[in-house]
Amino acid sequence: MNDSTDTTEASDSTGSTDGAGSAEAAATAADLKAPADGVPPLVTARLLLHPLTATEAGRVVESAPAPGDRWAEGYPAPGDVRGARGFLNGVAERGDPGVWRAYEIRQPADGLAIGGIGFHGPPDADGVVTIGYGLVPAVRGRGYASESLRALIARARAAGATAVRGDADLDNLASQRVMEAAGMTYEGEDEQVRNYRVVFAERGAAEDPSGL
C-alpha cells in the first residue's frame, strides 16, 4: 500500500467569467457524481470515491492522463498502478466486476485525484473480499485513508460480503492505524505483514454511504 500528494493544482483549468465559471463548476460537480459503468461513486464527508472505468484504469496503468484528468503530484503511485492493472486483469478474465473494482480518491471541489482504493476482486467462496489503498504524501495525516476505507467497507457489506480483509507491512504503522481506525481488527501476522479483518454479523445490513 502506498500513501502519496502535493496539493498541486491540475493543469486543465481555464479562465472564465463569473457566470461561466459557476456553470462550469456545477457541471463538474454533476460529472463527478455520475455513475461509472453503472456503479455510483461513494461520497463521504470530505471525499469522493470515483469507480474507475476500464478506460480510466488503462490511463492509470500507463501513467498517461487524458486532457481532462486531474491528478495530484505523486498520483498514480506504484500501488495505484498495481490496483488498476489487477482490475483490468479481472475484467479480462471475468467481465465487469460491478462494485468490486478500483476507485480513485478525489477531492469533491475540483475532482483532483489524491490516491486510490479498491477491492482486489469479487468476494471469495466464503464472501470475503480484500482491499488496498494509498494516498499521495501531501494529504496524509488528515484521516482521508480511514474515511475512504470506512466507505468502502460499508459498500462491501451492503453488496453482500461477509468480511473485509487487508494487510500492511510490519513496519508500516500508519497503514495499520488506518485499518484500526476504520474498524478492522488485528488477526495475526507473518514475517512480512500484519493482517486485519472486519466481519459482518449480517450480510447486506450496512447502509451504502453513497445513499444509493
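**Exercise 1. Work out how much of the contact network is long-range, and how the fold is laid out.**

Start with the contacts: in this predicted model, residues 24 or more positions apart make up 65% of the contacts that have a separation of 6 or more. Next, count the secondary structure, which gives five helices and eight strands. Walk along the sequence and you read them off as α-β-β-α-α-β-β-β-α-β-α-β-β. Now check burial: 48% of the 212 residues count as buried. Finish with the surface, which has about 10,100 Å² accessible, with 50% of that belonging to carbon and sulfur atoms.

**Exercise 2. Find out which residues Thr53 touches, and decide whether Thr53 is buried or exposed.**

Place the residue: Thr53 sits in the loop between strand E2 (48–51) and H2. Then look at its accessibility. Thr53 has a relative accessible area of 18%, and the cut-off for buried is under 20%, so Thr53 is buried. For the contacts, skip anything up to four places away in sequence; what is left is Ala36, Asp37, Phe87 and Arg101. Take Ala36 from that list: Thr53 and Ala36 are 17 residues apart along the chain, and their C-alpha atoms are separated by 6.2 Å.

**Exercise 3. Look through the loop between H2 and H3 for backbone oddities.**

Begin with Ser63, which is placed in this loop. Its phi is near 50°, a positive value in a residue that isn't glycine. Ser63 has a relative accessible area of 41%, so Ser63 goes down as partly exposed.

Move on to Pro76, also placed in the loop between helix H2 (54–62) and H3. The peptide bond joining Tyr75 and Pro76 is cis, with omega at about 0°. Tyr75 itself has 6% relative accessibility, so Tyr75 counts as buried.

**Exercise 4. Sort out the aromatic pairs: how many are there, and how are the rings arranged?**

The count is four aromatic pairs in the structure. One of them is Trp71 with Tyr75, where the centres are 5.5 Å apart and the planes make an angle of 85°. The cut-off for edge-to-face is over 60 degrees, so this pair is edge-to-face. Trp71 has a relative accessible area of 14%, so Trp71 is buried.

Now take Trp100 and Phe119: 4.9 Å centre to centre, 70° between the planes, and edge-to-face again. This pair links distant parts of the chain, with Trp100 in the loop between H3 and E3, Phe119 in strand E4, and their positions 19 residues apart. Both Trp100 and Phe119 are buried. As a last step, follow the ring pairs outward, and you find Trp100, Tyr103 and Phe119 linked into a cluster.

**Exercise 5. Compare the settings of Leu112 and Arg150, and find a sequence-distant partner for each.**

Leu112 goes first: look in the loop between E3 and E4. With a relative accessible area of 2%, Leu112 is buried. Its partner is Ala72, which is 40 residues away in sequence, yet the C-alpha atoms are 6.2 Å apart in space.

Arg150 belongs to helix H4 (residues 144–158). Arg150 has a relative accessible area of 39%, so Arg150 is partly exposed. Leave aside neighbours within four places in sequence and Arg150 is in contact with Ala181 and Ala182. For Ala181, the separation is 31 residues along the chain and 8.6 Å between C-alpha atoms.

**Exercise 6. Describe the second largest pocket: its space, its centre, its walls and its chemistry.**

Volume first: about 480 Å³ of space lies in the second largest pocket. There are 29 lining residues, and the closest to the centre are Gly79, Gly83, His120, Gly132 and Tyr133. Next, ask which elements give two or more residues to the lining; these are helix H3 (78–94), strand E3 (102–106), strand E4 (113–119), strand E5 (128–135) and strand E6 (163–169). H3 provides the largest share, seven residues. To wrap up the chemistry, sort the lining residues by type: 14 are nonpolar, 11 polar and four charged. Keep in mind that glycine is counted as polar in that tally.

Technical notes: Residues numbered from 1 in each chain as written. Predicted model: local features only at pLDDT ≥ 70, side-chain atom pairs only at ≥ 80, totals over all residues. Heavy atoms only, no water. 1 Å grid on protein atoms, 1.4 Å probe; cavity = no way out; pocket = protein on both sides within 12 Å on 5 of 7 lines; lining within 4 Å. Points joined across faces, edges and corners; volume = space filled by probe spheres on them. Helix = DSSP H or I, 4+ residues; strand = E, 2+ residues; numbered from the N terminus. Buried < 20%, exposed > 50% of the residue type's maximum accessible area, 1.4 Å probe, protein only. Contact = heavy atoms within 4.5 Å. Areas by Shrake-Rupley, 256 points an atom, 1.4 Å probe, with all protein chains shown as cover. Phe/Tyr/Trp six-rings, centres within 6.5 Å; stacked < 30°, edge-to-face > 60°.
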